[in-house]
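Visitor: Could you take me through a structure, one question at a time?

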Amino acid sequence: MKSLKIEGQKREGLGKKEAKKLREQGQVPGVLYGKDEVFHLTVPFSELRQFVYTPNVFLIDLEINGETHKAMIQDVQWHPVEEQILHIDFLKVEDDKPVKIGIPVKLVGMAKGIKAGGKLKTNMRKLRVKALAESLPDFIEIDVTKLGIGDSIKVDELKRENLEFLDNKSNLIVGVVSTRVAKSAAPLPEDEEEAEGEEAGSEGESSEQAES
């Protein structure tokens, strides 16, 4: 997984008034949660743009007063109306301790069901996983090439080395659903074809009798 750098400062003053003043200055109050310690800090909103406006997930080299901590974003609290982050929580990453995080899903290939008139439906755009930081991928790649109409891929079908999937095993990630186009293009069952043939024959006989 890619790492990006954020420079922050240790936060001395706490409280709502101090937090409001920081936001007016373009700073975001936050907390870094570690194994045995908690850092109160501030980071510029401009530094967070590269993280909060993308579905991608990154490890962060969080530099606070010259000391670098490997971290990840745990939670972001937004203002209900304005484009403003009220508070951000970071979680310190330990090399020997697994972390839980949502990883984006990346679909590859053209499902054969789409060529038959079906539609690809994605139910999960992120998957919760558990792994050591060094084993975290940038995305979970899923090949949909073999999916026909009515086929799907569920969480329990995914296997990745050094990666544990935490979502419910029966959750459907992606599938190909039928559409009106697919239904109209589908061949009729044999018994229906025979029935139509018989009806056509009967109509022909009726026409001949009428002419005679």
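Guide: A few questions and answers follow.

The model is predicted, so local features need pLDDT of at least 70 and side-chain atom pairs pLDDT 80 or more, while totals for chains, interfaces and linings use all residues. Residues are numbered from 1 along each chain as its sequence is written, and side-chain values use heavy atoms, without hydrogens and water.

Visitor: Which side chain of opposite charge is nearest to Asp167?
Guide: Asp167 is buried (under 20% relative accessible area, 1.4 Å probe, protein chains only). Asp counts as negative, as does Glu, and Lys and Arg count as positive; His and the chain ends are not counted. A salt bridge needs a side-chain nitrogen of Lys or Arg within 4 Å of a carboxyl oxygen of Asp or Glu. Asp167 has no salt bridge, and the nearest candidate, 6.1 Å away, is Arg128.

Visitor: Which backbone nitrogen does the side chain of Asp167 reach?
Guide: Leaving aside neighbours within four places in sequence, Asp167 is in contact (heavy atoms within 4.5 Å) with residues including Met124 and Val155. At 2.8 Å, its side chain reaches the backbone nitrogen of Arg128.

Visitor: How far apart are the closest N and O atoms of Glu37 and Lys92?
Guide: Glu37 and Lys92 are 55 residues apart in the chain. Glu37 is partly exposed (neither under 20% nor over 50%), at 38%. Lys92 is also partly exposed, at 23%. The two form a salt bridge, with a closest N to O distance of 3.7 Å.

Visitor: How many salt bridges does a search of the whole structure find?
Guide: Asp95 and Lys70 form one of them. Lys5, Glu7 and Glu63 are linked in a network of salt bridges. The search finds 5.

Terms used. Polar contact = N/O pair within 3.5 Å; in protein donor to acceptor, adjacent residues only side chain to side chain. Helix = DSSP H or I, 4+ residues; strand = E, 2+ residues; numbered from the N terminus.
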